[in-house]
Amino acid sequence: MLNTRPWYIRSRLKTRHLLLLVALAETGNIHRAAAALSMTQPAASKMLREMEHMLDVPLFERLPRGVRPTEYGQALIRHARLLVESLDQARDEIAHLKDGQAGHVRIGAITSPAVSLLPAAIAEIKQQWPRLTITVEVESSNLLLERLAQERLDLVIGRLSPEHDKLALNFEPLDFEPVNAVARPDHPLLQQPELSLTQVADASWIVPPMGSVLRHRFELMFQHASLRPPTSVVESPALLFITSLLERSDMLAVLPVDVARYYSACGLVAILPLPMPCQMDDYGLITRNDRLLSPATARLLEILRTRAGARTESPLPATPAIAAAPPR
């Protein structure tokens, strides 16, 4: 009599049994089914009897020229096909994971490479491996490195500071990060062919939060010019807020060059003809040296290196002179 305890079937019914069931259903002949599985006909017949004994039901009718599944056999074949297909899918998924064609890459980036370098790299790898899932977080370097330490990210494009443990991290410099001053596209200052820090020291500025590297260097820039840093400021790192506030005011903002050019091309801001000698340190690729990279992460790193090298060899053209904007 059929033993209905789950472990009984699970422990005794093997993948080879399932493959035989599917082969018998497709060929209708024990000899051909055995040949398809590279086994002898007696071995196939014995395996079929084992299954029928195990389940205590006839699975196939024996005919003069082959076999035909019974009602019980049809039920088991249906489930066997599902299980075999699932195993095939598991094999394919593992192969894709090994090749980097599937899986999940979690990447964090500071704003500049997030709008310049990273989108093209992701578009390239997604074209090669469309099933790859990629999660992108855009934050400050310190926050991203915390998440990297917590294994919530696989890769960071950012900066290392003295407080970071460089022995636990791999850092490959990619590019430096100059900055621009920006305003709304019809700002009165755009009518000037050239500006100096003296002319903007009393302006209202949108600046990074206190304690950030860019904020420190922004203020230091004025001090080196023997000027008091701007006191009328709004602090925010949120680009959506910055562009919205610029649109509604005569305020100025300081942004990395790549970010400024991106929003300028979209018509949201205009770059002021103002030298800004407060360049940021190099940013680069940061990974943990105590973790093996997945094939997908390693491939994305290669693409980022190649694209960063191309940017270095063919730098972006200098910002063109800005014509006077029409009155607001």
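The following exercises, each with a worked solution, concern a predicted model of a protein.

**Exercise 1. Overall architecture**

Determine how many helices and strands the protein has, what percentage of its residues count as buried, and what percentage of the contacts between residues at least 6 apart join residues at least 24 apart.

Solution.
- Step 1. The secondary structure consists of 13 helices and twelve strands.
- Step 2. The protein has 328 residues, and 41% of them count as buried.
- Step 3. When contacts between residues at least 6 apart in sequence are taken, 74% of them connect residues at least 24 apart.

**Exercise 2. An aromatic pair**

Classify the geometry of the aromatic pair formed by tryptophan 205 and phenylalanine 222, and state which elements the pair ties together.

Solution.
- Step 1. Four aromatic pairs are counted in the model.
- Step 2. In the pair of tryptophan 205 and phenylalanine 222, the ring centres are 6.4 Å apart and the planes form an angle of 80°.
- Step 3. An angle over 60 degrees counts as edge-to-face, and the pair is accordingly edge-to-face.
- Step 4. Tryptophan 205 belongs to strand β8 (residues 205-207) and phenylalanine 222 to helix α10 (residues 213-224), so the pair ties together parts 17 residues apart in sequence.
- Step 5. Both tryptophan 205 and phenylalanine 222 are buried.
- Step 6. Ring pairs join Trp205 and Phe222 with Phe218 in a cluster.

**Exercise 3. Valine 254 and its surroundings**

Assign valine 254 to its secondary structure element, decide whether valine 254 is buried or exposed, and list its contacts beyond four places in sequence.

Solution.
- Step 1. Valine 254 is part of strand β10.
- Step 2. The relative accessibility of valine 254 is 4%, so this residue counts as buried.
- Step 3. Beyond its neighbours within four places in sequence, valine 254 contacts Val179, Asn180, Trp205, Ile206, Val207, Pro208, Leu214, Phe218 and Met276.
- Step 4. Two of these partners, Trp205 and Phe218, are members of the ring cluster.
- Step 5. Valine 254 and tryptophan 205 are 49 residues apart along the chain, with 7.8 Å between their C-alpha atoms.

**Exercise 4. The largest pocket**

Describe the largest pocket by its volume, by the residues closest to its centre, and by the composition of its lining.

Solution.
- Step 1. The space in the largest pocket is about 850 Å³.
- Step 2. The lining has 33 residues, of which Ser140, Ser141, Arg159, Ser212 and Met280 are the closest to the centre.
- Step 3. At least two lining residues come from each of α6 (111-115), α8 (141-149), β8, α10, α11 (239-247), β10 (252-256) and β12 (280-288).
- Step 4. The most is given by β10, which supplies three residues.
- Step 5. By class, the lining comprises 19 nonpolar, nine polar and five charged residues.

**Exercise 5. Positive phi outside glycine**

Locate serine 38 and aspartate 56, and state what is noteworthy about the phi of serine 38 and of aspartate 56.

Solution.
- Step 1. Most residues other than glycine have a negative phi.
- Step 2. Serine 38, which is not a glycine, has a positive phi of about 55°. Serine 38 sits in the loop between α3 (30-36) and α4 (41-55), and its relative accessibility of 68% makes it exposed.
- Step 3. Aspartate 56 also has a positive phi, near 60°. Aspartate 56 occupies the loop between α4 and β1 (60-63), and with 44% relative accessibility it counts as partly exposed.

**Exercise 6. Two side chains that reach the backbone**

Identify the backbone atom that lies 2.9 Å from a polar side-chain atom of glutamine 199 and the one that lies 2.8 Å from a polar side-chain atom of serine 249.

Solution.
- Step 1. Glutamine 199 is in helix α9 (residues 197-200) and is partly exposed, at 43% relative accessibility.
- Step 2. For glutamine 199, the backbone atom is the nitrogen of serine 196.
- Step 3. Apart from neighbours within four places in sequence, glutamine 199 contacts Gln192 and Glu194.
- Step 4. Serine 249 lies in the loop between α11 and β10 and is buried, at 15% relative accessible area.
- Step 5. For serine 249, the backbone atom is the oxygen of leucine 245.

Key:
Residues numbered from 1 in each chain as written. Predicted model: local features only at pLDDT ≥ 70, side-chain atom pairs only at ≥ 80, totals over all residues. Heavy atoms only, no water. Helix = DSSP H or I, 4+ residues; strand = E, 2+ residues; numbered from the N terminus. Buried < 20%, exposed > 50% of the residue type's maximum accessible area, 1.4 Å probe, protein only. Contact = heavy atoms within 4.5 Å. Polar contact = N/O pair within 3.5 Å; in protein donor to acceptor, adjacent residues only side chain to side chain. Phe/Tyr/Trp six-rings, centres within 6.5 Å; stacked < 30°, edge-to-face > 60°. 1 Å grid on protein atoms, 1.4 Å probe; cavity = no way out; pocket = protein on both sides within 12 Å on 5 of 7 lines; lining within 4 Å. Points joined across faces, edges and corners; volume = space filled by probe spheres on them. Nonpolar A, V, L, I, M, F, W, Y, C, P; charged D, E, K, R; others polar.
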